[in-house]
Structures are given as structure tokens and as C-alpha cells.
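Reader: I have a structure open on my screen and would like to understand the terms people use for it. Could you take me through the reasoning?

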Amino acid sequence: MDLCKAMNRNNEHVSAFLLSELGTSGSLDGQQRLVVKGRFLPKSFETVLRRYVNEYVLCPGCKSVDTLLDRDAATRLMYLRCQQCGASRSVTTIKSGFVARVTKRTH
Ligand SMILES: [Zn+2]
């Protein structure tokens, strides 16, 4: 999840994308690590994360990663807005029944 911080992205959003792309379920643990059900090669995660960056992080105009995800209150569409050049485009909403469950630590 350090990765999410580096990308300036919401843990749950990244998790939802990962799980939906991998076709599995999982949850965030107390340390904000994503616990995924099933076995996957590190390479699979890499591929999916790269897709995430392309879709939700990289500015389509200047390739900057200094972008924000915004939801339009009226249309409920998600927008990627670049902090560098001001370009924006709509992004697809993640379709999945992912529910982020934060496991509480008992001690
Ligand atoms: Zn830009």
C-alpha cells in the first residue's frame, strides 16, 4: 500500500481494481495491506498495476503522474485531472462487488 501513497491513490480504489482484474476477492488488513484470496504470480500483480497506472494515474496529455481522481457529483462519473497541464478525461468506474473490509486487530 506504500505504492498507493506513491501514486497518491486511495487504497480501496486500487484494491478494488486489482481484485476485479484478478477475478478474486480479498480484504485490507490492519496494516492496510491487501490480502488476496488465491495464488497469483508477482508478475500478474505487476501487469494489473501497470494497467491501473495507465488508466487511473497517468495524464493522457503530458504523462505526468501528478493527477487527481475526482467524481462528478452530478453525473457520478470519475474524472482524472492533471495537476500539471490541467487536462482531464473520464475514467471507467470499477465494476465489482468489492467491499473493503478492514480487519480489526484484537490486541
Ligand atoms: Zn498533464
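Author: Happy to; we will go through confidence, the metal site, the sheet and two loop residues.

Reader: What should I know about confidence in this protein?

Author: This is a predicted model. The mean pLDDT of the protein is 83, and 84% of its residues reach 70 or more. Confidence is lowest in helix α1 (residues 2–7), with a mean of 70, and highest in strand β4 (residues 78–82), with 92.

Reader: Which atoms are the protein donors of the zinc ion, and how do you know that they count as donors?

Author: They are the SG atoms of Cys59, Cys62, Cys82 and Cys85, lying 2.3 Å from the zinc ion. A sulfur atom counts as a donor within 2.8 Å of the metal, so these SG atoms at 2.3 Å qualify. Along the sequence, the donor residues follow the spacing C-x2-C-x19-C-x2-C. Distant parts of the chain are linked here: Cys59 sits in the loop between α3 and β3, and Cys85 in the loop between β4 and β5, 26 residues apart.

Reader: What makes the arrangement around the zinc ion tetrahedral?

Author: The angles decide. Four donors count as tetrahedral if all angles lie between 85 and 135 degrees. Around this zinc ion the angles are 103 to 118°, so the arrangement is tetrahedral.

Reader: Why is Cys59 called buried?

Author: Buried means under 20% relative accessible area. Cys59 has 0% relative accessibility, so Cys59 counts as buried.

Reader: And why is Cys85 called partly exposed?

Author: That label covers values between the 20% limit for buried and the 50% limit for exposed. Cys85 has 43% relative accessibility, and therefore counts as partly exposed.

Reader: What makes β3 and β4 a pair?

Author: Two strands pair if there are at least two bridges between them. Five bridges join β3 to β4, so they count as a pair, and they run antiparallel. One of the bridge partnerships is Leu69 with Leu80 in β4. The open sheet has three strands in the order β3-β4-β5, with antiparallel pairing. Its edge strands are β3 (67–71) and β5 (88–91), since each pairs on one side only. Helix α3 (residues 42–57) lies across β3, β4 and β5, at about 125° to β5.

Reader: Why are Lys63 and Arg76 called exposed?

Author: Exposed means over 50% relative accessible area. Lys63 has 56%, so Lys63 is exposed; Arg76 has 61%, so Arg76 is exposed. Lys63 lies in the loop between α3 and β3, and Arg76 in the loop between β3 and β4.

Reader: What is phi in these residues?

Author: Phi is near 65° in Lys63 and about 60° in Arg76. Most residues other than glycine have a negative phi.

Definitions and conventions
Residues numbered from 1 in each chain as written. Predicted model: local features only at pLDDT ≥ 70, side-chain atom pairs only at ≥ 80, totals over all residues. Heavy atoms only, no water. pLDDT = per-residue confidence, 0-100. Helix = DSSP H or I, 4+ residues; strand = E, 2+ residues; numbered from the N terminus. Contact = heavy atoms within 4.5 Å. Axes fitted to C-alpha atoms, helices over the stretch in contact; angles between N-to-C directions. Donors = N, O, S within 2.8 Å, 3.2 Å for Na, K, Ca; no water. Tetrahedral: all angles 85-135°; square planar, octahedral: opposite > 155°, others 65-115°. Buried < 20%, exposed > 50% of the residue type's maximum accessible area, 1.4 Å probe, protein only.
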